Structures are given as C-alpha cells and as structure tokens.
Amino acid sequence: MGIIAWILLGLLAGAIAKAVTPGRDPGGCLITMIIGIVGGLLGGWLGKVIFGVESINGFFHLSTWIAAVAGSVVLLLLYRLVAGRRGR
C-alpha cells in the first residue's frame, strides 16, 4: 500500500508543481505526471532522510508533502531546461 500512496502523492505533487511553475511544458500532461511521480518518490525519500519521517507513517506529514512538491518543482524545471535546449 505504501508505493501506491507515494505514486498518488507524486501525482498530486506534480499537479501542484505544474500550478506553481508558470510557463509551457515541452512534454505535456503525461510527462508532467511522470515527473510528478518521480519527484514525489524523491521528495518522500528526502523527507525520510532529512526530516527523519518514516516512509509509510509519514504520508500525512506536512514536511513530506513539502519535500515531494519541492522535488517535483526541481525536476520539472530541470526537464524544461534540458528539453528547451534540445528544441533549439
């Protein structure tokens, strides 16, 4: 059940990251969802490492959600940077 929760967290974090970062994404909705899932997993892992929150029990901790959204925003910005250079 834990991995499904982190995927759900990643999808929500990706949606929040898309809303927070203005501009157009070179990939589209599917790529943004994948980036959100990876960012959510990365943020969940960082939340566990940095804040000491357990992975399964830490799903509802605010620090985990902040780390997941921050991870998604960073990955989304990195993707825009890399994909933007390819298009030129």
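**Exercise 1. Confidence.** State the mean pLDDT of the protein and the share of residues that reach 70 or more.

*Solution.*
- The model is predicted.
- The mean pLDDT of the protein is 76. Of its residues, 82% reach 70 or more.
- Now go by element. Confidence is highest in α1, at a mean of 81, and lowest in α2, at 77.
- Keep one caution in mind: where pLDDT is low, the predicted coordinates should not be read in detail.

**Exercise 2. Architecture.** Give the number of helices and strands, then the order of the elements.

*Solution.*
- The protein has three helices and zero strands.
- From the N terminus on, the order is α-α-α.
- Helix α1 covers 2–20 and α2 covers 29–51. Helix α3 holds residues 62–86.
- Contacts complete the picture. Take those with a separation of 6 or more: 78% join residues 24 or more positions apart.

**Exercise 3. Core.** Find the residues of the largest nonpolar core and the elements that give two or more of them.

*Solution.*
- Start with burial overall. Of the 88 residues, 35% count as buried.
- The largest nonpolar core has nine residues: Trp-6, Leu-9, Ala-13, Ala-17, Ile-35, Ala-68, Val-69, Val-73 and Leu-76.
- Two elements, α1 and α3, give two or more residues to this core.

**Exercise 4. Ser-72.** Is Ser-72 buried or exposed? Which residues does Ser-72 touch beyond four places in sequence?

*Solution.*
- Ser-72 lies in helix α3.
- Its relative accessibility is 1%. The cut-off for buried is under 20%, so Ser-72 counts as buried.
- Beyond four places in sequence, Ser-72 touches Ala-13, Gly-14 and Ala-17, and also Ile-35, Gly-36, Gly-39 and Gly-40.
- Compare with the core list. Ala-13, Ala-17 and Ile-35 belong to the largest nonpolar core.

**Exercise 5. Surface patch.** Locate the nonpolar surface patch, and say which element gives the largest share.

*Solution.*
- Begin with the whole surface. The protein exposes about 5600 Å², and carbon and sulfur atoms supply 74% of it.
- The patch has an area of about 840 Å². Its residues are Ile-3, Ile-4, Ile-7, Leu-11, Leu-30, Ile-31, Met-33, Ile-34, Val-38 and Leu-41.
- The elements that give two or more residues to the patch are α1 and α2.
- The largest share, six residues, comes from α2.
- Check one member. Ile-3 sits in helix α1. Its relative accessible area is 52%. Exposed means over 50%, so Ile-3 is exposed.
- Set this against a general trend: in soluble globular proteins, nonpolar side chains tend to be buried together.

**Exercise 6. Lys-18 and Gly-23.** Which residues are in contact with Lys-18 beyond four places in sequence? Which are in contact with Gly-23?

*Solution.*
- Lys-18 is in helix α1. Its relative accessible area is 33%, so Lys-18 is partly exposed.
- Beyond four places in sequence, Lys-18 contacts Gly-23, Asp-25, Thr-32, Leu-76 and Arg-80.
- Gly-36 gives a distance to check. Lys-18 and Gly-36 are 18 residues apart in sequence and 8.8 Å apart, C-alpha to C-alpha.
- Gly-23 is in the loop between α1 and α2. Its relative accessible area is 52%, so Gly-23 is exposed.
- Under the same sequence filter, Gly-23 contacts Lys-18 and Arg-80.
- Gly-23 and Arg-80 are 57 residues apart along the chain, yet their C-alpha atoms are separated by 9.5 Å.
- Arg-80 therefore appears in the contact lists of both Lys-18 and Gly-23, where contact means heavy atoms within 4.5 Å.

Note on methods: Residues are numbered from 1 along each chain as its sequence is written. This is a predicted model: local features need pLDDT of at least 70, side-chain atom pairs count only at pLDDT 80 or more; totals for chains, interfaces and linings use all residues. Side-chain values use heavy atoms; hydrogens and water are left out. Patches are made of residues with over 30% relative accessible area and no salt bridge: like charges are joined within 9 Å, nonpolar side chains (Val, Leu, Ile, Met, Phe, Trp, Tyr) within 5 Å. Accessible areas come from the Shrake-Rupley method with a 1.4 Å probe; for residues, only the protein chains shown count as cover. A salt bridge is a side-chain nitrogen of Lys or Arg within 4 Å of a carboxyl oxygen of Asp or Glu. Helices (H or I, at least four residues) and strands (E, at least two) are DSSP runs, numbered from the N terminus. Buried means under 20% relative accessible area, exposed over 50%, partly exposed in between (1.4 Å probe, protein chains only). A nonpolar core is a set of buried Ala, Val, Leu, Ile, Met, Phe, Trp, Tyr and Cys residues joined through side-chain atoms within 4.5 Å. pLDDT is the predictor's confidence in each residue, from 0 to 100.
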